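Here are my notes on the model you sent. Please read them with the structure open.

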Amino acid sequence: MHKPKLSPEDQARVDAVVHRGVNSVERKPFRPWLLLGVILVVLTLLSGISYFIAWTQGVV
């Protein structure tokens, strides 16, 4: 078994710094359906633009 790299006192100091307000930022919950919707909208717009460009150039 390996020996811990920090002493208990040092680990307590590290834990205190990590749990301060600077490092614990409140965030909104992750919404995967919103992300999927945004990706689909962007993909649809880019596909439409590319189809329009191909149509104006006589490719389609």
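1. Burial and surface. Only a small share of this predicted model is covered: of the 60 residues of the protein, 2% count as buried. The accessible surface is about 6,200 Å². Carbon and sulfur atoms account for 69% of that surface.

2. Secondary structure. The protein has two helices and zero strands. Helix 1 covers residues 8-18. Helix 2 covers residues 32-56.

3. Length of helix 2. What span should its 25 residues give at 1.5 Å a residue? The expected value is 36 Å. The end C-alpha atoms of helix 2 lie 36 Å apart, so the two figures agree. Just after helix 2, G58 has a positive phi of about 85°.

4. Salt bridge. Side chains of opposite charge can pair when their charged atoms come close. A search of the whole structure returns one salt bridge. The partners are R13 and D10, with their closest N and O atoms 3.2 Å apart. Both residues belong to helix 1 and sit three residues apart, about one turn of the helix. In an α-helix there are 3.6 residues a turn, so residues three or four places apart point the same way.

5. Exposure of that pair. Are R13 and D10 buried or exposed? R13 has 55% relative accessibility, and exposed means over 50%, so R13 counts as exposed. D10 has 29% and falls between the 20% and 50% limits, so D10 counts as partly exposed.

6. Aromatic pair. The structure contains one aromatic pair. The ring centres of F52 and W55 are 6.2 Å apart, and their planes meet at 40°. Why is the pair called tilted? Planes under 30 degrees apart would count as stacked and those over 60 as edge-to-face, so an angle of 40° leaves tilted. F52 and W55 both lie in helix 2, three residues apart, about one turn of the helix.

7. Exposure of the rings. F52 has a relative accessible area of 49% and is partly exposed. W55 is at 52% and is exposed. The 50% cut-off falls between these two values, so the labels differ.

8. Nonpolar patch. Which residues make the nonpolar surface patch of about 1,100 Å²? They are L34, V38, V42, L46, I49, Y51, F52, I53, W55, V59 and V60. Both rings of the aromatic pair, F52 and W55, are therefore from patch residues. I53, another member of the patch, is found in helix 2. At 47% relative accessibility, I53 counts as partly exposed.

Technical notes: Residues are numbered from 1 along each chain as its sequence is written. This is a predicted model: local features need pLDDT of at least 70, side-chain atom pairs count only at pLDDT 80 or more; totals for chains, interfaces and linings use all residues. Side-chain values use heavy atoms; hydrogens and water are left out. Helices (H or I, at least four residues) and strands (E, at least two) are DSSP runs, numbered from the N terminus. Buried means under 20% relative accessible area, exposed over 50%, partly exposed in between (1.4 Å probe, protein chains only). Accessible areas come from the Shrake-Rupley method with a 1.4 Å probe; for residues, only the protein chains shown count as cover. A salt bridge is a side-chain nitrogen of Lys or Arg within 4 Å of a carboxyl oxygen of Asp or Glu. Rings of Phe, Tyr and Trp (its six-membered ring) pair if their centres lie within 6.5 Å; planes under 30 degrees apart count as stacked, over 60 as edge-to-face and the rest as tilted. The expected span of a helix is 1.5 Å times one less than its number of residues. Patches are made of residues with over 30% relative accessible area and no salt bridge: like charges are joined within 9 Å, nonpolar side chains (Val, Leu, Ile, Met, Phe, Trp, Tyr) within 5 Å.
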